[in-house]
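Here are my notes for someone opening this model for the first time. Have the sequence and the 3D view side by side as you read.

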Amino acid sequence: MKTDIEIAQEAVLIPITEVAESIGAEADDLELYGKYKAKLTEEYLEKISRNPDGKLILVTAINPTPAGEGKTTTSVGLGQAFGKLGKKAVTVLREPSLGPCFGVKGGAAGGGYAQVVPMEDLNLHFTGDFHAITAANNLLAALLDNHIQQGNELRIDSRQVVWKRCLDMNDRVLRNVVVGLGSKADGFVREDHFVITVASEIMAVLCLAVDLKDLKERLARIVVAYNMEGRPVTAGDLKAEGAMTALLKDAMKPNLVQTLEHTPVLVHGGPFANIAHGCNSVRATGAALKMADYVVTEAGFGADLGAEKFFNIKCRLGGFKPDAVVLVATIRALKYNGGIAKENLGQENPEALKKGIVNLEKHIENLQQFGVPVVVTLNSFVTDTEAEIAFVEEFCRDRSCDFALSEVWEKGGEGGISLAEKVLETLEKKESRFHVLYEDSLSLKEKIESVAKNIYGAKAAAYSAQAEAQIKKLTELGFDRFPVCMAKTQYSLSDDPSLLGRPDGFTVQVREVYVSAGAGFVVVLTGAVMTMPGLPKSPAAYRIDVNEEGKITGLF
């Protein structure tokens with residue numbers, strides 16, 4: 001079998017203008033970035049805004065192995081399968097981050113014969129959206145420190161600066177730094193921090209803003225520090241929102257690319273799902289619903305993270321009502337959740353499968369809490385046996401859950417037809433009664449505990465002294481009306497990555513709580529999750545190279 005990058009590089013792409021024709025877009029509706037990438041113009045987005053909405057299908061997953069379980073591959077393959085069936089469909093995805101690209105994953109454009117192309121562009125600089133977000137984030141940081149240096153009219157308490165610089169790279173040494181060293185002209189000395197770009201509030205703001213006016217207003221509301229009286233200081237107070245919006249103007253426009261089978265894909269925004277809200281932009285999803293009869297989108301990592309945030313944050317703030325959910329599982333991940341080491345996941349092990357399938361069971365129950373019909377799909381691997389597949393299928397049917405095998409990695413859209421047909425059948429027969437998990441009127445603790453107990457299966461949440469004080473302050477400032485964005489490990493339903501399967505009786509440890517006022521949610525850090533990841537012992541970067549002809553290798 002060829003590698004993902006070999007398949008992608010051998011693909012014959014068609015001009016993006018031809019892809020655009022399938023969604024009713026003409027050449028003038030695009031801003032071209034070469035032959036195979038384009039941004040949708042504001043004029044086109046306005047033109048389609050009065051079209052009726054298509055059906056919204058969310059793709060999520062069980063708790064994955066460290067290599068991931070093919071959620072993006074399934075999303076891409078399902079879009080291709082709709083194309084095979086003659087359906088007008090658009091797939092909507094997040095943009096990959098350079099951090100995991102050079103860290104563990106090596107790329108995130110799907111896999112096998114269900115990929116988004118041009119694969120190398122998508123995984124690396126693409127259309128520059130992430131660079132614009134990084135620049136806007138760090139412009140705000142520079143304006144903040146300059147304000148303090150130039151007399152500090154706003155009486156900012158340098159001990160209570162909460163805005164962090166960012167970089168789209170896994171770089172653990174930047175988590176905690178000291179800035180302002182040197183002479184008096186080099187600024188005030190203080191402790192500072194970096195987050196990865198995909199955890200920046202600017203990323204969340206861009207992904208939740210509906211237009212430039214909304215973007216600018218959200219940017220102005222960002223809390224960057226507190227003054228000597230303990231009151232919030234915002235980006236608007238620093239007069240930063242205009243320049244930041246200028247940097248982000250083009251990044252606000254959704255990007256159009258294609259799959260290996262030339263079906264349309266919008267790729268826009270990319271907040272992490274374990275430390276941010278894990279969904280592509282509201283603009284891209286909203287535009288896709290006006291372009292197509294069926295929209296396939298995804299939310300990052302397991303349903304306990306991505307799907308929960310898609311429902312409770314993106315749908316709540318964006319006004320979306322999903323019509324169905326596809327829950328991706330693999331035999332590998334089920335055995336991993338049954339306690340099998342990742343190097344042995346290819347071996348048949350009925351006992352491990354039986355032990356680990358409780359993880360799938362919990363995710364089914366979680367999704368059903370939101371009132372949306374669920375289709376479980378088993379992302380096929382060559383090591384899967386017929387007995388293992390049959391066991392999973394029977395397990396799903398016993399829980400009133402539709403099931404389909406997906407072979408899109410090996411066969412592309414053709415391998416996703418049974419899944420696409422099952423989704424179409426579900427959309428026809430089962431009505432979505434979508435609702436969020438908790439109401440805005442609940443307290444922050446009630447919201448945190450609703451997610452911890454109902455989604456994770458915890459018995460309780462425990463709060464550090466710091467978190468208690470932060471919750472009290474945010475409540476006094478009126479931020480308790482916001483939904484919560486839970487930052488948690490992706491490898492377990494709990495906040496402890498070592499607790500696999502379906503843990504119970506555990507307590508979620510809340511260590512820090514802060515507001516993302518521009519995005520419109522409160523971030524809750526649990527366990528040991530980091531907002532600036534580190535590289536593994538053998539990073540994917542070791543295997544990425546480019547030859548004398550400029551051909552990139554090692555992305556996968």
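The points below go through spaces, salt bridges, a surface patch and some backbone details.

1. A word on what you are looking at: this is a predicted model. Please keep that in mind for every number in this note.

2. Let's begin with empty space inside the protein. Rolling a probe the size of a water molecule over the atoms shows where empty space is left. Searching the whole structure turns up one cavity of 30 Å³ or more. The largest cavity holds about 90 Å³ of space.

3. Which residues line the largest cavity? Going along the sequence, they are Glu-95, Pro-96, Leu-98, Leu-122, Leu-124, His-125, Phe-126, Gly-128, Asp-129, Phe-130, His-131 and Asp-168. Helix H7 (residues 129-149) contributes the most to this lining, with three residues. Sorted by class, the lining has six nonpolar, three polar and three charged residues.

4. Now for a space that is open to the outside. The second largest pocket has a volume of about 1100 Å³, and 40 residues line it. To find it on screen, go to Val-161, Val-162, Lys-164, Glu-512 and Tyr-514, the lining residues nearest its centre. The elements that each give two or more residues to this lining include strand S7 (156-161), helix H8 (201-208), helix H20 (465-476) and strand S22 (507-516). S22 provides the largest share, six residues. By class, the lining of the second largest pocket splits into 21 nonpolar, 10 polar and nine charged residues.

5. On to charges. Side chains of opposite charge can pair when their charged atoms come close. The count for this model comes to 34 salt bridges, and I picked out a few that link distant parts of the chain.

6. Take Glu-31 and Lys-253: they form a salt bridge whose closest N and O atoms are 2.8 Å apart. The partners are 222 residues apart, with Glu-31 in strand S1 (residues 30-32) and Lys-253 in the loop between helix H10 (241-248) and strand S14 (255-259). Are these two partners buried or exposed? Glu-31 counts as partly exposed because its relative accessibility is 26%, while Lys-253 counts as buried because its value is 7%.

7. Next, Glu-298 and Arg-94 form a salt bridge, with the closest N and O atoms 3.9 Å apart. This pair is 204 residues apart along the chain: Glu-298 sits in strand S16 (residues 294-298), and Arg-94 in the loop between strand S4 (89-93) and helix H5 (98-102). Glu-298 is buried, at 3% relative accessible area. Arg-94 also counts as buried, at 18%.

8. Arg-502 and Glu-365 meet in a salt bridge too, at 2.7 Å from N to O. Here 137 residues separate the partners, with Arg-502 in the loop between strand S21 (484-487) and S22, and Glu-365 in helix H15 (residues 358-368). Arg-502 is partly exposed at 31% relative accessibility, and Glu-365 is partly exposed at 32%. Going back to Glu-31, salt bridges that share partners join Glu-31, Lys-249, Asp-250 and Lys-253 into one network.

9. What about the surface? Met-1, Tyr-113 and Trp-409 form a nonpolar patch there, with about 310 Å² of accessible area together. Trp-409 belongs to helix H17 (residues 408-411) and is partly exposed, with a relative accessible area of 31%.

10. One contact between far-apart stretches of sequence deserves a look. Glu-6 and Thr-553 are 547 residues apart along the chain, yet their C-alpha atoms are separated by 8.3 Å. Glu-6 lies in helix H1 (residues 4-10) and is partly exposed, at 37% relative accessible area.

11. Finally, some backbone details. Most residues other than glycine have a negative phi, and most peptide bonds are trans. Val-117 and Pro-118, however, are joined by a cis peptide bond, with omega about 0°. Pro-118 is in the loop between strand S6 (114-117) and helix H6 (119-123).

12. Positive phi values also turn up in the loop between H7 and S7. Asn-152 lies in that loop, and its phi is near 55°. Arg-155 is in the loop between H7 and S7 as well, with a positive phi of about 55°. Asn-152 is buried, at 19% relative accessible area, whereas Arg-155 counts as partly exposed at 43%.

Key: Residues numbered from 1 in each chain as written. Predicted model: local features only at pLDDT ≥ 70, side-chain atom pairs only at ≥ 80, totals over all residues. Heavy atoms only, no water. Patch = residues over 30% accessible without salt bridge, like charges linked within 9 Å, V, L, I, M, F, W, Y side chains within 5 Å. Areas by Shrake-Rupley, 256 points an atom, 1.4 Å probe, with all protein chains shown as cover. Salt bridge = Lys/Arg side-chain N within 4 Å of Asp/Glu carboxyl O. Helix = DSSP H or I, 4+ residues; strand = E, 2+ residues; numbered from the N terminus. Buried < 20%, exposed > 50% of the residue type's maximum accessible area, 1.4 Å probe, protein only. 1 Å grid on protein atoms, 1.4 Å probe; cavity = no way out; pocket = protein on both sides within 12 Å on 5 of 7 lines; lining within 4 Å. Points joined across faces, edges and corners; volume = space filled by probe spheres on them. Nonpolar A, V, L, I, M, F, W, Y, C, P; charged D, E, K, R; others polar.
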